[in-house]
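Trainee: Could you take me through one part of this model in detail, and then set it against the chain as a whole? I would like to follow the reasoning from residue to residue.

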Amino acid sequence: MEREELHRRIELLQEKLKEGKIKVAPHLIDGFWESMEKVRILSDGMVDADTVDGRIRSLCMFVAYENDRKEWKEAVSLKEIQEGYFQRVDYAFGQLFEMMTEANADPYKFSGWFSSEQSRVKDCLPVIEEFMEETQKFWENISDPTWIHLEDSFDSKAVFSGELFPDGNSNLASSTGLYFDTTILPDPFLKISPMLQFMDDEERCYEIVRLALQVLSYKSLALAGTEKPIVAILPDRHHLEDNYREFVNDCAVTDSIEHTKVLFGQDISDGEELFAYYSHFNNAEDVVSRLLRPEKLVFATEWEGSLADQMNQFIQEQGAKLGMDKPGQAVYMHLISRFSQANDSYQRSLQLRGTPIVRAPTSWIWYNQMLEYNAGNSSMDSLHDLHIARALNSTVKNEMPWMGNIPADSLIEIRQSGALDEIRHLLTGGLKELVEANPSNFYRTGDQVFDNLDAAFLEHEKKIKELSNKKWKFAGKDIGSFMVVGGISITAALTSLPTFAALGVAAGMSGYVPNIKELKEKYRALTAEENEVKNTGVGILLSSKSV
């Protein structure tokens, strides 16, 4: 550690002690002050590093880490970050969003129509390229405070996981906005960026336009200015932090080893042996013939045909992207990919103190299997919230009514009017019984779980009816109209053409892009030491803190 940084930390520690924000446990007080009295300042006014022992260094590290997180949050607000993000998306694709809205279309149909004409694709590609570069720069500069704001919030949080972004046929916050304070969505552009090189021009245009339209559908909710943000966009650490990516990959390898034992009864010791094992399979039929639990190897729940057919379909669709054409190696990559996704979902929600929302059936199966291999790592509170989240995203299949069609303006008014607490009290009463009926049962199929919880669902349905009978109106809409059992299909005639503006001035836009490089570098250095803080026992030194 640089001497200047150590001196800064000593000063911070002294300041916090003077303010009474750090108190030392009684049985450690003598040793602490003995160490502090050894600290000396040299003639140049800086601390003598040789007089600062490990106990003080550890405590200084902790104090500096907490103090710098506070500085981050004071440097830029979450609202400013969200405004800057949506301003960039709106600047590039806002006109297309207006066209889609006027045509009463959905993002899939609109982007399909838009990318079907080569001249439109040709005009749009330079905008996409510049937009992607600007988005990367934006998050490189501002991702850390975004994470800190959302990590340090003690509001209830639904953390969307398992896919690039919520599908464009429904608004996720229409349901989660009543049950959770903030719905956290991933920036899809960082997530899709590594895959763009494998797409042709038309597909690249389709995907980015579609995602931009889906993102903009959450703009009003994210920028509503409510006390607790209804929606927040957050970049994945996968694409910004090498150490995090390696950690998630290591977790995926461990889970894949466990899964291989279940699938084939094969004991594997490490990642290299795992890859070697799958490399010896020459065809799909060979893989299938060796499976002990074929139902545990899931490619996509919507695919038809035999397991061997699905394996070959997977190779056909993903082989070039993965750089593998052998069935065994493709299965290996599928396991690593799926368990990476599942572990990222888990870690993302854990770090944010939130509940993962895994809507895609295939992603849920793999998340479910990851939980099974890591049973015992989840608290009862997190299981409670996870059951609520899963219930919200599974009830359409079981034809249970729930509050899943709340327009953005109505949801904003519910929050601003102060009606949320009473509504939530009514709704969560039924869900509480749902969870308590079987609090840790994540390892059966959804149908089996629901068969065991019919009574709890009936109770929740009763609460829904009670709420609907209140005849409340929000943004001119009766609350009973928010109840859904299925989805909504939208068709439209697509007309008129967009115009594009250059994004070269994006960096100078009014949306917030803070120039706080020095603070960013300091935070990253402290983040690298965070695990050391947690492992030094420094927490034992503190009986209470309010840093």
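Mentor: Let us look closely at helix α12, bearing in mind throughout that the model is predicted. This helix spans residues 271-279, and its buried residues are Leu274, Tyr277, Tyr278 and Ser279. The cover over these buried residues includes α11 (242-264), α13 (284-290) and α15 (327-351). At the start of α12, a side-chain oxygen of aspartate 270 comes to within 3.2 Å of the backbone nitrogen of glutamate 272.

Helix α5 can be read in the same manner. In α5, which runs over residues 107-114, the buried residues are Pro107, Phe110, Ser111, Trp113 and Phe114. They lie on the same side of α5, because the arc they cover around the axis is only 160 degrees. As general background, an α-helix has 3.6 residues a turn, so residues three or four places apart point the same way. The buried residues of α5 pack against α4 (78-102), α6 (118-152) and α9 (201-216). At the start of α5, a side-chain oxygen of aspartate 106 reaches to within 2.9 Å of the backbone nitrogen of tyrosine 108.

As for the setting of these helices, the protein chain has 24 helices and 10 strands, and buried residues account for 51% of its 547 residues. Of the contacts in the chain between residues at least 6 apart in sequence, 80% join residues at least 24 apart. The protein chain exposes about 25,300 Å², of which carbon and sulfur atoms supply 48%.

Methods
Residues are numbered from 1 along each chain as its sequence is written. This is a predicted model: local features need pLDDT of at least 70, side-chain atom pairs count only at pLDDT 80 or more; totals for chains, interfaces and linings use all residues. Side-chain values use heavy atoms; hydrogens and water are left out. Buried means under 20% relative accessible area, exposed over 50%, partly exposed in between (1.4 Å probe, protein chains only). Helices (H or I, at least four residues) and strands (E, at least two) are DSSP runs, numbered from the N terminus. Contact means heavy atoms within 4.5 Å. A polar contact is a pair of N or O atoms within 3.5 Å; within protein, one must be able to donate a hydrogen and the other to accept it, and residues adjacent in sequence count only if both atoms are side-chain atoms. The arc is that of the directions from the helix axis to the C-beta atoms. Accessible areas come from the Shrake-Rupley method with a 1.4 Å probe; for residues, only the protein chains shown count as cover.
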